[in-house]
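Q: I should like to learn how to read the main features of a protein model. Could you take me through the one shown here?

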Amino acid sequence: MIKVLIIDDDFMVAKVHAGFIQRTPGFTVVGAAHTGAQAVTETARLQPDLVLLDIHLPDINGLDLMQKLREVAPELDVLVISAAREVETVRKALRGGIVHYLIKPFSQTDLQERLEHYRSAYQSLASSKEVAEQSDVNRVFGLDRTERPLPKGCSVETLKQVETALQAADGDLSAAEVAVQVGTSRVSARRYLEYLHDEGVLEVRLKYGAGRPERRYVLKTA
């Protein structure tokens, strides 16, 4: 589970963001801080994996705070969430080694997409591998765009729902089970699942019984 600390001066905004994160599989909110001083204290105490960092804090600029946070948690990753749109601010954040910059206001889907990319890309480098492949590096920098086009009649939005259903599952799922969760037909769910299998994202397990074996799908482990 990836531990997240939210740093935002607005109590209600922090609470909303916490709700978004808690609904993203694989992430848990361990705390919130509303000033720079409190952020340093909570980062040292909680040792989160990732902070959601607002730039506009009452006692310090969030970008100046990043170095202080990494002094107490050297392995910390930072995802900036801010209304600041100035190009120089974005450049400074990138030079500071952030994993993403998300401009307020944003939707739950916007944040979840960034979190899911972080989990699949950055966390894969923290696995048992000692040597990174070029494909691993490409994922970190968002260059893994080698997927085939989606099948006719399929949408990116529904594909993400299918992936979310698989991520939340305790084990493998059938096309019929995915169809119920996503709200689509079994045939349509099967199309998405086979696409993900062809892309190397899923494994297929056969469940034998009376008649034809049932195809069941599960996410490949890193």
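Q: In this predicted model, which strands does helix 7 lie across, and at what angle does helix 7 run to strand 8?
A: A helix lying on a sheet can be described by the strands in contact with that helix and by the angle between directions. Helix 7, residues 156-168, lies across strand 6, strand 7 and strand 8. The direction of helix 7 is at about 85 degrees to that of strand 8.

Q: In what order do strands 6, 8 and 7 stand in their sheet, and is the pairing parallel or antiparallel?
A: A sheet is read from one edge to the other, together with the sense of the pairing. Here three strands make up an open sheet in the order 6-8-7, with antiparallel pairing. Strand 6 (173-174) and strand 7 (202-207) are the edge strands; each has a single partner strand, so one side of each lacks a neighbour in the sheet.

Q: How many bridges join strand 6 to strand 8?
A: Strand 6 and strand 8, the latter spanning residues 214-219, run antiparallel and are joined by two bridges. At the residue level, Ser174 stands opposite Arg216 of strand 8.

Q: How should the packing of helix 8 and helix 9 be described?
A: Two packed helices are described by the angle between their axes and the distance between the axes. For helix 8 (residues 175-182) and helix 9 (residues 186-198), the axes come within 8 Å and cross at roughly 105 degrees. An angle from 65 to 115 degrees counts as roughly perpendicular, and helix 8 is therefore roughly perpendicular to helix 9. Helix 8 contributes Ala175, Ala176, Val178 and Ala179 to the contact, while helix 9 contributes Arg186, Ala189, Arg190 and Leu193. Sorted by class, this contact of helix 8 with helix 9 has six nonpolar residues, two charged residues and no polar residues.

Q: Is Arg191 buried, partly exposed or exposed?
A: The class follows from relative accessibility. Arg191, which is found in helix 9, has 34% relative accessibility and therefore counts as partly exposed. Leaving aside residues up to four places away in sequence, Arg191 touches Pro151, Lys152 and Cys154. Sequence separation and spatial distance can also be read together: Arg191 and Gly153 are 38 residues apart in sequence, and their C-alpha atoms are 9.8 Å apart in space.

Q: In what order do the strands of the five-stranded sheet stand, and is their pairing parallel or antiparallel?
A: The reading proceeds again from edge to edge. Five strands form an open sheet in the order 2-1-3-4-5, and the pairing is parallel. At the edges stand strand 2 (27-33) and strand 5 (100-103), each with a single partner strand, so one side of each is without a neighbour in the sheet. From one strand to the next, the twist averages 20 degrees.

Q: How many bridges link strand 1 and strand 2?
A: Strand 1, residues 2-7, pairs with strand 2 in the parallel sense over six bridges. Val4 has Val29 in strand 2 as its bridge partner, and Ile7 stands opposite Ala33 in strand 2. Strand 1 is mostly covered, with five of its six residues buried.

Q: How do helix 3 (residues 62-72) and helix 4 (residues 87-95) pack?
A: The angle and the axis distance are again the quantities to read. These two helices pack at an angle of about 10 degrees, with their axes 10 Å apart. Helix 3 is therefore roughly parallel to helix 4. Leu63, Asp64 and Met66 of helix 3 meet Thr89, Lys92 and Ala93 of helix 4. By class, the contact has three nonpolar residues, one polar residue and two charged residues.

Q: Is Thr43 buried or exposed?
A: Thr43 lies in helix 2, residues 36-46. Its relative accessibility is 0%, so Thr43 counts as buried. Beyond residues up to four places away in sequence, Thr43 touches Leu5, Pro48, Leu69, Val72, Ala73 and Leu76.

Q: How many helices and strands does the whole protein chain have, and what share of its residues is buried?
A: The protein chain has nine helices and eight strands. Of its 222 residues, 38% count as buried. Among contacts with a separation of 6 or more, 59% are between residues 24 or more positions apart. The accessible surface comes to about 12,400 Å², and 51% of that surface belongs to carbon and sulfur atoms.

Methods:
Residues numbered from 1 in each chain as written. Predicted model: local features only at pLDDT ≥ 70, side-chain atom pairs only at ≥ 80, totals over all residues. Heavy atoms only, no water. Helix = DSSP H or I, 4+ residues; strand = E, 2+ residues; numbered from the N terminus. Buried < 20%, exposed > 50% of the residue type's maximum accessible area, 1.4 Å probe, protein only. Contact = heavy atoms within 4.5 Å. Areas by Shrake-Rupley, 256 points an atom, 1.4 Å probe, with all protein chains shown as cover. Axes fitted to C-alpha atoms, helices over the stretch in contact; angles between N-to-C directions. Parallel < 35°, antiparallel > 145°, perpendicular 65-115°, else oblique. Nonpolar A, V, L, I, M, F, W, Y, C, P; charged D, E, K, R; others polar. Pairing = 2+ DSSP bridges.
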